[in-house]
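Thanks for making time this morning. I would like to walk you through one structure, going slowly from strand to strand, and you are welcome to follow along on the screen.

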Amino acid sequence: VQLQASGGGLVQAGGSLRLSCAASGRTFSSYAMGWFRQAPGKEREFVAAISWSGGRTYYADSVKGRFTISRDNVKNTVYLQMNSLKPEDTAVYYCAAKAGVAGTSGDVAYWGQGTLVTVSS
């Protein structure tokens with residue numbers, strides 16, 4: 001599975017962005033999908049995950065209620081809708097194909113390249 005993330009950019013605090021991650025390969029729907037982020041000088045952290053069917057989702061406490069993960073298994077794409085953005089959301093965001101929806105990177109099978117999100121105050 002190859003993953004291509006897009007949709008990052010510069011936004012003011014309180015604004016919204018939607019990230020997309022397009023997957024190639026016929027096995028996309030067999031993986032849970034996740035989003036992670038890495039801020040400058042910090043370790044990569046879990047943001048959100050969604051099961052292969054889309055029926056289960058899991059979020060980091062820091063984004064719960066503001067971010068929404070979804071997927072379209074026909075389009076082989078996973079999305080991250082980010083609302084009420086804060087400067088502390090500034091990071092490079094990575095999508096990943098995972099074995100499950102747990103908030104860990106230990107079960108990541110494939111990583112996409114990152115897309116930069118910058119939130120100005």
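In strand β11, the residue that serves as bridge partner of A91 is V117, and this is one contact within an antiparallel pairing of β9 and β11 that runs over 3 bridges. Before I go further, please keep in mind that what you see is a predicted model.

Let me stay with β9, since several pairings meet there. Strand β9 also pairs with β10, residues 108-111, in the antiparallel sense and over 3 bridges, and in that pairing A96 has W111 of β10 as its bridge partner. With β4 the pairing is again antiparallel, this time over 7 bridges, and here G34 finds its partner in A96 of β9. As for how much of this strand is covered, 7 of the 8 residues of β9 are buried.

Going back to β11 for a moment, T118 has its place in that strand. Is T118 buried, exposed or partly exposed? With a relative accessible area of 28%, T118 counts as partly exposed. If we set aside residues up to four places away in sequence, T118 touches G9, L10, V11 and T90. For a sense of scale, the C-alpha atoms of T118 and G55 are separated by 30 Å, and these two residues are 63 residues apart along the chain.

Now to the other sheet I want to show you. An open sheet is formed by 4 strands in the order β1-β3-β8-β7, with antiparallel pairing. At its edges stand β1, residues 2-6, and β7, residues 67-72, and because each of them has a single partner strand, one side of each is left without a neighbour in the sheet. From one strand to the next, the twist averages 15 degrees. If we look at one of these pairings in detail, β1 and β3, the latter covering residues 17-24, run antiparallel and are joined by 5 bridges, and within this pairing L3 stands opposite A23 of β3.

Between β7 and β8 there is a loop, and N76 has its place in it. Is N76 buried or exposed? Its relative accessible area is 19%, and since the cut-off for buried is under 20%, N76 counts as buried. Leaving aside neighbours within four places in sequence, N76 is in contact with C21, A22, A23, G25 and F28.

That brings me to the interior. The largest nonpolar core has 37 residues, and those that touch the most other members are M33, W35, L80, M82 and Y93. The elements that give two or more residues to this core are β1, β3, β4, β5, β7, β8, β9 and β11, where β5 covers residues 45-50 and β11 covers 115-120. To take one member as an example, M33 has contacts beyond four places in sequence that include L3, C21, F28, A48, I69, V78 and A96.

Finally, the charged pairs. Side chains of opposite charge can pair when their charged atoms come close. How many salt bridges does the structure hold? There are 5 salt bridges in the structure, and I will show you three of the pairs.

In one of them, the side chains of R37 and D89 meet, at 2.9 Å from N to O. R37 lies in strand β4, residues 32-38, whereas D89 lies in the loop between β8 and β9, so the pair ties together parts that are 52 residues apart in sequence. Both R37 and D89 are buried.

In another, D61 and K64 meet through their side chains at 3.1 Å, N to O. Here D61 counts as exposed because its relative accessibility is 68%, while K64, with a relative accessible area of 48%, is partly exposed.

The remaining pair I chose is K98 with D107, whose closest N and O atoms are 2.9 Å apart, and K98 counts as buried, at 0% relative accessibility. Elsewhere, salt bridges that share partners join R37, E45, R66 and D89 into one network, and I suggest we turn to the picture again with that network in mind.

Terms used
Residues are numbered from 1 along each chain as its sequence is written. This is a predicted model: local features need pLDDT of at least 70, side-chain atom pairs count only at pLDDT 80 or more; totals for chains, interfaces and linings use all residues. Side-chain values use heavy atoms; hydrogens and water are left out. A salt bridge is a side-chain nitrogen of Lys or Arg within 4 Å of a carboxyl oxygen of Asp or Glu. Buried means under 20% relative accessible area, exposed over 50%, partly exposed in between (1.4 Å probe, protein chains only). Two strands pair if DSSP finds at least two bridges between them. Axes are lines fitted to C-alpha atoms, for helices over the stretch in contact, and angles run from 0 to 180 degrees between N-to-C directions. A nonpolar core is a set of buried Ala, Val, Leu, Ile, Met, Phe, Trp, Tyr and Cys residues joined through side-chain atoms within 4.5 Å. Contact means heavy atoms within 4.5 Å.
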